Every structure is written in structure tokens, then in C-alpha cells.
Amino acid sequence: MKDTQVPESEQSKELFAYFGLAVYYCQALEQQLTNLLLLTKLSQGETPTEADLAELYQRKLSNSLGQLIKEIQHHFPFSEEETNQLQAVWKQRNHIVHDYFKERIQETFTPAGRAQMIRELKRFKNKARRLEIKLQGYCTELYNKLGIEEETLI
């Protein structure tokens, strides 16, 4: 049986760091989707009290990325391109979190394999980050429109 010890090289540490960053930016995206959903509902007068808002916020924080994407599409006018980007990040996020290392474990044992994985994870991290920044901008617009402080929901 082949040795399955995780390589301890600096490149291995970098690989795992980029995996962590990919997951981090997906969670940041989930947070922005939650904020955007609440702000959109507030702007439409759908959340009348502070208690309702707090309860809804807590509920939405436990939703998955897929649930948030499906729900926000009913409340926020994303472009077709933005919708496609959200769907792509969601699909790729699920693959990274659930299957990436299972499918690529052998590549983690070679410098070339790790380098390729690092490049893929960097590209995904950058894609998720750009989308998160875009959603952050939409949230800022709604905060300003509603006249509330950003720290109120975050």
C-alpha cells in the first residue's frame, strides 16, 4: 500500500492555505448574500420590526450557499451574467468542499500536482472574492438608500 502521509513541504502548506482561502471567500459570499437579502427585504418594507430582522438574520446565517442564491434571485435583480457567476461559484464551491481532495489526492504528493492545484484554488478564490466585493457594493448602496449604518446588520 502506498504511503498516504501528507507531505510537509512549504508547497503543501501553501496548497492547504489556498484551500482555506477558497472556503473562507465562499463563507464571505454567504455573509454578503445574507446581508443583501435582508437589506432587500428591508427596502421593500417586508421586515417591519427589529425583532423580526434579528430572527430572520439568524435563520439566514444557517442557510447554505445554494439556499441563499435561490432565495435572493426572487428578491434582487441580478443580471444574467451575475446569476451565472453565482451558480458557477456555488457549483465549484460544492466540488471543492466535498470532492476536491478525494479526487486529487495523488496530485498532492508531487510538486507539479500541488502547483496545479494551487493555481486552480487561486483562480477560484479570486472569482469568489470578486463576486463577494460586487455583492458588498450592492449592500453598501442599500445601506445608504435605507439610511442605516453598515454595522447594524453585520
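In the predicted model, 40% of the 154 residues of the protein chain count as buried. The surface that the protein chain exposes amounts to about 9,000 Å², and 52% of this area is supplied by carbon and sulfur atoms. Along its principal axes, the C-alpha trace spans about 60 × 30 × 25 Å. The secondary structure comprises 6 helices and 0 strands, so that, by the helix and strand assignment used, the order of elements from the N terminus reads α-α-α-α-α-α. Among contacts in the protein chain with a separation of 6 or more, 74% join residues that are 24 or more positions apart. The charged side chains number 20 positive and 22 negative, and the centres of these two sets lie 7 Å apart.

The interior was examined next. In soluble globular proteins, nonpolar side chains tend to be buried together. The largest nonpolar core of this model contains 33 residues, of which L33, L36, F78 and L135 touch the most other members. At least two residues of this core are supplied by each of α1 (10-43), α3 (65-72), α4 (80-98), α5 (100-104) and α6 (111-146). Helix α6 provides the largest share, with 11 residues. The surroundings of L33 can be listed in detail: when residues up to four places away in sequence are not counted, L33 touches L65, L68, I69, I72, L86 and L135.

Several of these partners recur in the description of helix α3. This helix is mostly covered, as 6 of its 8 residues are buried. The buried residues of α3 are L65, G66, L68, I69, E71 and I72. The elements that cover them include α1, α2 and α4.

The segment before α3 was then considered through two residues, K60 and N63. K60 is found in helix α2, which covers residues 50-61. Its relative accessible area is 8%, and K60 is therefore classed as buried, since the cut-off for this class is under 20%. With neighbours within four places in sequence left aside, K60 is in contact with T34, L37, L68 and E71. K60 and L38 are 22 residues apart in sequence, and their C-alpha atoms are 8.8 Å apart in space. N63 lies in the loop between α2 and α3. N63 has a relative accessibility of 17% and so counts as buried. Not counting residues up to four places away in sequence, N63 touches L68 and E71, both of which also appear among the contacts of K60. The C-alpha atoms of N63 and T34 are separated by 8.7 Å, although these residues are 29 places apart along the chain. T34 is likewise one of the residues in contact with K60.

Two further residues, L39 and R130, illustrate opposite degrees of exposure. L39 is placed in helix α1 and counts as buried because its relative accessibility is 0%. L39 and L146 are 107 residues apart in sequence, yet the distance between their C-alpha atoms is 8.3 Å. R130, by contrast, has its place in helix α6. The relative accessible area of R130 is 55%, and this residue is therefore exposed, the cut-off for that class being over 50%. R130 and S9 are 121 residues apart along the chain, and their C-alpha atoms are separated by 30 Å.

Finally, the model was compared with the database record. An unreviewed UniProt entry carries the annotation "coiled-coil region" for residues 114-141. In the predicted model, this span is 100% helix and 0% strand, and the C-alpha atoms at its ends lie 40 Å apart. The boundaries of α6 are residues 111 and 146, and this helix contributes 11 residues to the largest nonpolar core, while R130 of the same helix is exposed.

Technical notes. Residues are numbered from 1 along each chain as its sequence is written. This is a predicted model: local features need pLDDT of at least 70, side-chain atom pairs count only at pLDDT 80 or more; totals for chains, interfaces and linings use all residues. Side-chain values use heavy atoms; hydrogens and water are left out. A nonpolar core is a set of buried Ala, Val, Leu, Ile, Met, Phe, Trp, Tyr and Cys residues joined through side-chain atoms within 4.5 Å. Buried means under 20% relative accessible area, exposed over 50%, partly exposed in between (1.4 Å probe, protein chains only). Helices (H or I, at least four residues) and strands (E, at least two) are DSSP runs, numbered from the N terminus. Contact means heavy atoms within 4.5 Å. Accessible areas come from the Shrake-Rupley method with a 1.4 Å probe; for residues, only the protein chains shown count as cover. Lys and Arg count as positive and Asp and Glu as negative; His and the chain ends are not counted. The place of a charge is taken as NZ of Lys, CZ of Arg, CG of Asp or CD of Glu. UniProt positions are given in the numbering used here, feature names are shortened, and annotations may be inferred rather than shown by experiment.
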